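Student: Could you take me closely through the surroundings of the ligand in this model?

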Amino acid sequence: MKRYSAFAIAREAMRNHTGWDRAWAKRAPKKKYDVIIVGAGGHGLATAYYLGKNFGITNVAILEKGWLGGGNTGRNTTIIRSNYLQDPSAAIYEKSRSLYETMSQDLNYNVMFSPRGVIMLAQTQHEVRGYKRTAHANALQGVTTEWIDPARVKELCPIMNIDGPRYPVLGGLWQARGGTARHDAVAWGYARACSDMGMDVIQQCEVKGVRQQNGKVVGVDTTQGAIDCDKLGMVVAGHSGVLSQMAGFRLPIESVALQALVSEPIKPAMDIVVMANTVHGYLSQSDKGEMVIGGGTDGYNNYTQRGSFHHIEETVRALVETFPMLARLKMLRQWGGIVDVTGDRSPILSKTPVEGIFVNCGWGTGGFKAIPGSGWAMAELIAKGQSPLTDEFSMFRFREGKFIDESVAAGGAH
Ligand SMILES: Cc1cc2nc3c(=O)[nH]c(=O)nc-3n(C[C@H](O)[C@H](O)[C@H](O)COP(=O)(O)OP(=O)(O)OC[C@H]3O[C@@H](n4cnc5c(N)ncnc54)[C@H](O)[C@@H]3O)c2cc1C
């Protein structure tokens with residue numbers, strides 16, 4: 001595959017852009033693969049990429065029922081941070097954040113990583129205590145974050161009203177190297193790199209059944225026929241429960257819609273990311289000028305991949321006291337994705353009761369930031385049967401009571 005470069009752009013400009021290759025090859029499935037990954041979202045594609053890059057395993061297919069990146073990966077508000085409370089979380093999220101720093105170079109694809117800084121606002125005494133505790137934990141974990149006072153919050157984000165009558169800003173947890181990246185580009189960059197290594201990225205190929213012999217996986221049935229494999233990675237976010245049912249086991253997971261919206265584009269108004277978890281809204285400004293606004297999950301389990309009116313009102317009402325200028329903006333569009341939520345708000349990267357089947361899910365409302373780290377760890381788990389980054393994230397931890405409780409520090413957030 002030809003490299004993308006300034007020189008290549010100039011060359012193609014001279015010849016009417018007739019010389020570009022397809023970013024990834026369109027292939028029919030082979031009869032058998034060493035590894036099949038179900039789900040061409042960021043986590044599935046990153047898993048495949050690191051199987052090839054770190055372990056030389058390239059006889060791999062990534063099967064996607066829709067279009068690649070069309071799930072939560074292409075629907076999220078792209079916040080990247082690693083300021084989690086528990087050690088196993090900080091390890092995998094910080095690995096991930098650090099891989100984002102060089103992702104454009106590694107993939108030769110501009111993912112527009114923008115480490116513009118993320119503040120998590122403290123608007124209650126409970127949050128002040130919680131975020132100060134997280135800042136101390138992060139210092140011990142080697143994750144660079146700091147507790148900042150309201151004046152510094154205002155300096156970083158002048159459009160904010162820090163004196164709101166109901167929820168004044170009492171300070172914030174600031175991660176200067178957190179930020180955003182372009183979500184589609186992350187999926188496209190990984191897909192291109194996987195295809196370049198000889199892997200098959202197969203879209204419009206829904207897995208309908210999982211075949212096993214003597215407790216071991218032997219293949220899948222799909223809308224494009226039966227495909228055999230030695231190992232199977234299930235990386236399907238909100239549909240993890242559906243896939244695990246096909247394989248004959250249950251996951252401790254709930255599926256629920258999470259919604260977001262964007263405003264009309266306006267001139268540059270804020271150059272950081274702000275998360276307000278008490279009122280539950282979060283905000284950044286896209287390169288096009290839209291205010292990207294996310295809210296909470298629906299209050300009931302569902303598979304509804306779309307937005308709803310009551311959520312717009314709830315989310316915007318929550319944010320206008322702190323961001324009064326939002327009241328004057330028009331909404332441009334709204335959407336939803338189906339997220340996969342665990343009881344302790346931490347992910348599952350695990351072996352399963354079926355030999356050869358591995359599961360990567362439970363990233364819930366905050367897995368975009370984790371894509372490279374999760375892919376790195378999951379590839380190691382599939383290739384070697386063990387990874388230091390996944391040891392604590394077994395699906396069996398719920399049975400054993402070994403929770404990784406992030407619900408206070410991060411689970412309600414993104
Ligand atoms: C509105 C919203 C805002 C969010 N904001 C943030 C944020 O700011 N920061 C952050 O870090 N995270 C955020 N998230 C969460 C983040 O988007 C997800 O955790 C992450 O994208 C999950 O990636 P994935 O690859 O696991 O899943 P997905 O991208 O959903 O990929 C799973 C894929 O599996 C496919 N699939 C399902 N079933 C089958 C089948 N049977 N056969 C074949 N393919 C199948 C689906 O079509 C899908 O493409 C947000 C999510 C939403 C919805």
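Tutor: What follows is a look at the ligand and the residues around it. This is a predicted model, in which local features need pLDDT of at least 70 and side-chain atom pairs count only at pLDDT 80 or more, while totals for chains, interfaces and linings use all residues. Residues are numbered from 1 along each chain as its sequence is written, and side-chain values use heavy atoms, with hydrogens and water left out.

The ligand is surrounded by 38 residues, a residue being counted if one of its heavy atoms lies within 4 Å of the ligand, and the closest are Glu64, Asn72, Thr73, Thr77 and Lys369. By class, the shell holds 15 nonpolar, 18 polar and five charged residues, where Ala, Val, Leu, Ile, Met, Phe, Trp, Tyr, Cys and Pro count as nonpolar, Asp, Glu, Lys and Arg as charged, and the others, Gly among them, as polar.

Turning to polar contacts, which are pairs of N or O atoms within 3.5 Å, a polar side-chain atom of threonine 77 is 2.7 Å from a ligand oxygen atom, a polar backbone atom of asparagine 72 is 2.8 Å from a ligand oxygen atom, and a polar backbone atom of glycine 364 is 3.4 Å from a ligand oxygen atom. Of the 1000 Å² of accessible area that the ligand has on its own, the protein covers 97%, as computed by the Shrake-Rupley method with a 1.4 Å probe.

Helix 2 (42–55), strand 12 (254–265) and strand 16 (331–341) each supply at least two shell residues, and strand 12 gives the most, with three; helices (H or I, at least four residues) and strands (E, at least two) are DSSP runs numbered from the N terminus.

How values were computed. A polar contact is a pair of N or O atoms within 3.5 Å; within protein, one must be able to donate a hydrogen and the other to accept it, and residues adjacent in sequence count only if both atoms are side-chain atoms.
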